[in-house]
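Visitor: Please walk me through this model. Keep it brisk.

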Amino acid sequence: MLLDYAKYDRERAAESARANFRRRRFDEGTFACDVCEWSPPAVIMAMGVPRVLQAHHIVAVSAGGHDTDENLLLLCPNHHAIAGALRRKFTQRDALLEALRRSTEHADA
Ligand SMILES: [Zn+2]
């Protein structure tokens, strides 16, 4: 099948936006999961793998979401996996963050 170049371009642009977002959060000193505040240990950062914190589009680019800070979250791999599963259910930042926080709470019983 031929390459869908428009789709390829959109995906590359989204990739670049996510990289810029991670970089900006690193520069701002807020390089931690927006849900659990986990940040990569120094040994991981020294290996040059800042992707262990992942940028998540709240509304997917393919669904009309934009590459803006309002539409992006910085998440650890666990919360990113859960956010992917919840994407269709929550399209508002606050509602998604609340659902993500609840998703990893442990019952005290
Ligand atoms: Zn997290």
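Guide: Helices (H or I, at least four residues) and strands (E, at least two) are DSSP runs, numbered from the N terminus. This is a predicted model: local features need pLDDT of at least 70, side-chain atom pairs count only at pLDDT 80 or more, and totals for chains, interfaces and linings use all residues. Residues are numbered from 1 along each chain as its sequence is written.

Visitor: Which residue follows α1, and what is the sign of its phi?
Guide: The backbone after α1 has a phi near 80°. That sign is positive, and the residue is G29.

Visitor: In what pattern do the elements run along the sequence?
Guide: The protein has 4 helices and 2 strands. Read in order, they give α-α-β-β-α-α.

Visitor: How far apart are the end C-alpha atoms of α1?
Guide: The expected span is 1.5 Å times one less than the number of residues. α1 has 24 residues, so it should span 34 Å. The model agrees: the ends are 34 Å apart.

Visitor: In what sense do β1 and β2 pair?
Guide: Two strands pair if DSSP finds at least two bridges between them. Here β1 (residues 54–57) and β2 have 4 bridges. H56 stands opposite L73 in β2. The sense is antiparallel.

Visitor: Is V35 buried or exposed?
Guide: A residue is buried if 20 or more other C-beta atoms, placed from the backbone, lie within 10 Å of its own, exposed if 12 or fewer, and partly exposed in between. V35 lies in the loop between α1 (5–28) and α2 (42–46). V35 has 23 such neighbours, so the residue counts as buried.

Visitor: Which residues does V35 touch, leaving out those up to four places away in sequence?
Guide: Contact means C-beta atoms, placed from the backbone, within 7 Å. L100 is 65 residues away along the chain, yet its C-alpha atom is 6.8 Å from that of V35. With the sequence neighbours left out, V35 touches L75, H79, L97, L100 and R101.

Visitor: Which element gives the largest share of the largest nonpolar core?
Guide: A nonpolar core is a set of buried Ala, Val, Leu, Ile, Met, Phe, Trp, Tyr and Cys residues joined through C-beta atoms within 7 Å. The largest one has 14 residues; C33, L73, L74, L75 and A83 have the most contacts inside it. β2 (72–75) and α4 (93–103) each supply at least two residues. The largest share, 4 residues, comes from β2.

Visitor: Which residues of β2 are buried on its two faces?
Guide: Both faces are covered. One side carries L72 and L74; the other carries L73 and L75.

Definitions and conventions:
Contact = placed C-beta atoms within 7 Å.
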